Amino acid sequence: MSWGTELWDQFDNLDKHTQWSIDFLERYAKFVKERLDIEQNYAKQLRSLVKKYCPKRSKEEEPRFTSCLSFYSILNELNDYAGQREVVAEEMAHKVYGELMRYSQDLKAERKHHLQEGRKAQQGLDHCWKQMDNSKRKFERECKEAEKSQLTFDRLDNDINATKSEVEKAKAQFYLRTHMADESKNEYAAQLQNFNAEQWKHFNNNIPHIFKNLQDMDERRTVKLGETYRSFAEAERRVVPIISKCLEGMVSAAKAVDERRDSAIVVESFKSGFDPPGDFPFEDFSQNLSRTGSDGTISNTPKGDRDKDGAPGPRSDPKHPTSRTKNKLWLFGKKPKAPSLEDFSHLPPEQRRKRLQQRIDELNKELQKEVDQRDALNKMKDVYEKNPQMGDPSSLQPKISETICNMEKLRSEIHKNETWLSEVEGKQSSRGDRRHSADNHHHTPQGRESPEGSYTDDTSQEHHTPHRRPTPAQPGPPNPDPHEFDDEFDDDDPLPVIGHCKALYSFDGQNEGTLVMAEDEVLYIIEEDKGDGWTRARKQSGEEGYVPTSYVEITMEKNSKGS
């Protein structure tokens, strides 16, 4: 339906309608703007959330558990999801909101132009109507004047007393007014004809054309709204496949969680490589007591039987108060925190082996870089020697020398770390062999490994040569204060026991203040290593001295710090 034919007399209402339509379009544009602001804020909050829960870590601190890796994969997918929300906001900003605002300005300008044309046409019609109305009024006045002049002429013409001049004058006036009335009539007729023509043209040509333009404008506005509605939905639908992939990635990350692998990583991360501690030896403090015949069960026990039962042969020091040795030695006691050392000797064997292997791998990578750099410099030097105009070969010599020096340093470091690694691996293989031998040959006669490495039996005195473990390098001789050392050993109140240790290797104790120990011998710890590589220990016989910390496996009491 056409506005021009159906709404020819509704100019004011169409003016209001077109204004409402533009206001509605701008209202929808405002809605889109608030919607894309929500998307932008949502994406920003998601990125902040991902950044909060995925902090930067060093390479060594990167998590290896499948549950952690899956969680960080989910965070990465969520970060990609946030990126897609930003894409949605950007599409809405450019293809919907920006387009609507530009179109709104165009509509306002076009509407103003059409309405101005309509008002101009209306003003032209009003002007014609006024001219026609003025001519009509003039014609009416002239007719009335002509009628008066006619009455005056008729009255004087019939009056016998009137002079001839008065009659002629009245007659001339009558003819004049009649002529003026005729002219006014002709003018009125012409103005009326002109107004009717303009009015027909106004309502049949001008107004329909203007209203048709307004109708086309409004219909284009409606079509544009439909297109932007579709673009609004397309901006969301276009990212749905990528968002689906992000969600599928999250589901895949959830499926990748492996509890058994995580448990294996826990074992790999914290395995110390130590053997479980053996039975703690019995301390017999009653050997110096005299027993009567009725209660001589302890004193009459043969020494050989006591030795076979695991009781220590030598008598304990009578000066040691029993209250000092009643402290429990916790199986899972927390070891004191040792300072980090270059050879990682402060770590358990398994962890030490892993750290050394990691360092060796890193050093090998650095060495390979230096080798590549040296080869490149040598090639460049050869090119310079063949083509002197390209450069001076001697200028590369300092850099080549520096690279070779770095290579030597790295090789030295690698050799040093490989030595430590072989020491750890040799120690672990020795423990494994001994543990395997103990499991498979438990029927062999009971005996002790001598410091020289042979097993001795009390009955057969057979000698066996076991697999020897490499002995670690001994630290420098202990340098305790001689007065302090004498005072502590001669004191009636000896140091309390803060733990116990098991000898991993035999030690001859040739230096003054050191303690001789045999492999697998159990000793009491009475003073921790103070950083010099020596630990103060006490034998079950009461003899005290220093032993190398790297030669023993130490188990500290739980409350050793408070002793």
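Mentor: Accessible areas here come from the Shrake-Rupley method with a 1.4 Å probe, and for residues only the protein chains shown count as cover. This is a predicted model in which local features need pLDDT of at least 70 and side-chain atom pairs count only at pLDDT 80 or more, while totals for chains, interfaces and linings use all residues. Residues are numbered from 1 along each chain as its sequence is written, and side-chain values use heavy atoms, with hydrogens and water left out.

Trainee: What percentage of the accessible surface of the chain belongs to carbon and sulfur atoms?

Mentor: Happy to help! The accessible surface of the chain comes to about 36,100 Å². Of this surface, the carbon and sulfur share is 52%.

Trainee: Is strand S4 largely enclosed or largely open?

Mentor: Buried means under 20% relative accessible area, exposed over 50%, and partly exposed in between (1.4 Å probe, protein chains only). Strands (E, at least two residues) are DSSP runs, numbered from the N terminus. In S4, residues 522–527, five of the six residues are buried, so the rest of the structure leaves this strand largely enclosed.

Trainee: Which residue stands opposite Leu 523 in S4?

Mentor: Two strands pair if DSSP finds at least two bridges between them. Strand S3 (residues 499–503) pairs with S4 in the antiparallel sense over four bridges. Opposite Leu 523 stands Cys 501.

Trainee: Which residue takes a positive phi in the hairpin of S4 and S5?

Mentor: S4 also pairs with strand S5 (residues 534–538), in the antiparallel sense over three bridges, and Ile 525 stands opposite Ala 537 there. Six residues lie between the two strands of the hairpin. The one with a positive phi, near 105°, is Gly 531.
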